[in-house]
Amino acid sequence: MALRKKPGWALADSAATPESAFNDRRRLLKAMGIGSIVLAAPAVVRLSETAVTLPPPMAPETAAEQAAFYPAARNVRYRIARPLTAETHATTYNNFYEFGSHKRIWQAAQALPLSPWQVTIDGMVEKPLTMDAHDLIKRMPLKERLYRHRCVEAWAMTVPWSGFPLSALVALAQPLSSARYLWMDTFNDPSVASGQKATWYPWPYREGLTLAEATNELAFIATGIYGKPMPKQNGAPLRLAVPWKYGFKSVKSITRFHFSDKKPSTFWERLAPREYGFWANVNPAVPHPRWSQASEKLLGTSESVPTRIYNGYGEFVAGLYDGMDQKSLFM
Ligand SMILES: Nc1nc2c(c(=O)[nH]1)N[C@H]1C(S)=C(S)[C@@H](COP(=O)(O)O)O[C@H]1N2
Ligand SMILES: [Mo]
């Protein structure tokens with residue numbers, strides 16, 4: 001993803017959290033427009049094999065409390081037949097435009113204060129509420145899931161997210177029967193996120209799903225990764241993971257969940273509607289206007305693999321789109 005032409009990445013499955021580790025822990029805790037604004041074309045995606053140092057730990061006042069929730073038990077329903085991406089790559093090669101329109105934003109992202117972090121749930125709901133993200137996380141059933149992630153730029157990764165089903169948050173909010181969409185917004189604070197000083201972007205970053213999508217079992221709010229609390233650069237404290245859609249749908253560092261009868265006007269759609277639509281379901285047969293989507297580069301390796309329809313999650317989500325204009329779904 002880049003403004004004009006701005007412009008890169010295996011662990012065994014066993015590197016993710018073993019379920020037994022969690023069970024013990026859990027028992028212990030016991031409760032707990034501008035010319036072309038574009039995502040970078042695959043041609044400019046660089047595969048970086050260089051060793052990188054891991055980001056520094058989280059702020060001391062929150063680290064211990066947050067770390068107590070991880071690792072979470074693996075939900076083995078979501079199997080992946082490819083190796084996990086190395087943690088160093090997934091946490092140092094990021095898209096997070098709030099901190100810059102390039103991939104090396106992880107250091108800049110450390111400026112984001114996570115505590116306190118107010119989350120608002122509002123709009124067409126029975127139970128509007130504002131609470132601290134950490135209090136919300138404490139109330140949720142945390143699990144680990146291995147998911148594929150496919151960026152529209154044609155790079156991909158496989159990561160162990162920890163978090164909770166978005167449907168649990170929807171249940172908490174109790175949407176009115178008239179609500180049809182869930183909008184999700186990122187924070188907006190140019191004083192910590194210098195990318196937000198660029199006024200040609202429609203800040204805050206906004207994404208959205210239909211309520212049917214939001215309550216699909218795959219829609220996940222990730223609060224951690226690799227058995228640890230979410231690093232800032234990956235979207236702490238709450239980030240969406242919708243693995244059947246292109247990566248830009250998986251909005252980071254969410255501050256607001258808004259229920260509406262109106263379709264949201266989303267960040268990338270506003271910038272380039274013909275390139276990054278609302279649906280953005282992965283489909284190798286539907287090219288981006290400027291590049292093919294047939295294959296993907298695996299972050300941290302020199303491997304390229306075929307892309308799958310719905311990123312391989314058709315069995316879970318294809319039914320959501322029965323009877324819809326299939327052409328519009330993949331852009
Ligand atoms: N707020 C916000 N969320 C965002 C983005 C962003 O720039 N800002 N980039 C998106 C894109 S394009 C991708 S591919 C993923 C990248 O997530 P990762 O850095 O954890 O791999 O985050 C998505 N969520
Ligand atoms: Mo992306």
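These legends walk through close-up views of a predicted model.

**View 1. The five-stranded open sheet and the helix lying on it.** Here the strands follow the order S4-S3-S12-S7-S8, with mixed pairing. S4 (129–132) and S8 sit at the edges, each pairing on one side only. Neighbouring strands are turned by 15 degrees against each other on average, direction ignored. Helix H5 (residues 166–173) packs on this sheet and touches S3 (118–123), S4, S7, S8 and S12. The direction of H5 makes about 60 degrees with that of S12. Zoom in on S7 and S12 (residues 254–260) and you'll find an antiparallel pair joined by six bridges. One residue to pick out is Asp185, whose bridge partner in S12 is Arg256.

**View 2. Gln196, tucked into a loop.** The loop in question runs between strand S7 (181–186) and strand S8 (206–210). Is Gln196 buried or exposed? With a relative accessible area of 5%, Gln196 counts as buried, because the cut-off for that label is under 20%. A polar atom of the Gln196 side chain lies 3.0 Å from the backbone oxygen of Phe187. Leaving aside residues up to four places away in sequence, Gln196 touches Glu98, Phe187, Asn188, Asp189, Pro190 and Trp203.

**View 3. Pro116, out in the open.** Pro116 belongs to the loop between helix H3 (87–90) and S3. Its relative accessibility is 66%, so Pro116 is classed as exposed. Look for Ala133 in this view too: the two residues are 17 apart in sequence, and their C-alpha atoms are 7.9 Å apart in space.

**View 4. Strand S13 and its two pairing partners, S6 and S14.** On one side of the story, S13 (residues 295–298) pairs with S6 (residues 155–165) in the parallel sense, over two bridges. Trp155 stands opposite Lys297 of S13 there. S13 also pairs with S14 (residues 304–306), this time antiparallel and over three bridges. The bridge partner of Ser295 in S14 is Pro306. S13 and S14 make a hairpin with five residues between them, and Gly300 in the turn has a positive phi of about 85 degrees. Which residues of S13 are on the covered face? Glu296 and Leu298 are, while Ser295 and Lys297 are on the uncovered one. As a general point, side chains in a regular strand alternate between the two faces of the sheet.

**View 5. Aromatic pairs, with Tyr147 and Tyr313 up front.** Searching the whole structure turns up 25 aromatic pairs. The ring centres of Tyr147 and Tyr313 are 5.9 Å apart and the planes are at 70 degrees, so this pair is edge-to-face. The two residues come from distant parts of the chain, 166 residues apart: Tyr147 is in strand S5 (residues 143–150), and Tyr313 is in the loop between S14 and helix H8 (314–317). Both Tyr147 and Tyr313 are buried. Tyr313 has another visitor, as the charged end of Arg148 sits over its ring, 4.5 Å from the centre.

**View 6. A cluster of rings around Phe267 and Trp268.** How are the rings of Phe267 and Trp268 arranged? Their centres are 5.5 Å apart and their planes at 80 degrees, so the pair is edge-to-face. Phe267 and Trp268 are both buried. Ring pairs link these two into a cluster with Tyr97, Trp200, Tyr201, Trp203, Tyr205, Phe248 and Tyr276.

**View 7. Lys249 over the face of Phe278.** Lys249 lies at 4.2 Å from the ring centre of Phe278.

Key: Residues are numbered from 1 along each chain as its sequence is written. Chains are lettered from A and ligands numbered from 1 in the order in which they are written. Side-chain values use heavy atoms; hydrogens and water are left out. Helices (H or I, at least four residues) and strands (E, at least two) are DSSP runs, numbered from the N terminus. Buried means under 20% relative accessible area, exposed over 50%, partly exposed in between (1.4 Å probe, protein chains only). A polar contact is a pair of N or O atoms within 3.5 Å; within protein, one must be able to donate a hydrogen and the other to accept it, and residues adjacent in sequence count only if both atoms are side-chain atoms. Contact means heavy atoms within 4.5 Å. Two strands pair if DSSP finds at least two bridges between them. Axes are lines fitted to C-alpha atoms, for helices over the stretch in contact, and angles run from 0 to 180 degrees between N-to-C directions. Rings of Phe, Tyr and Trp (its six-membered ring) pair if their centres lie within 6.5 Å; planes under 30 degrees apart count as stacked, over 60 as edge-to-face and the rest as tilted. A charge sits over a ring if NZ of Lys or CZ of Arg is within 6 Å of the ring centre and within 35 degrees of the ring normal.
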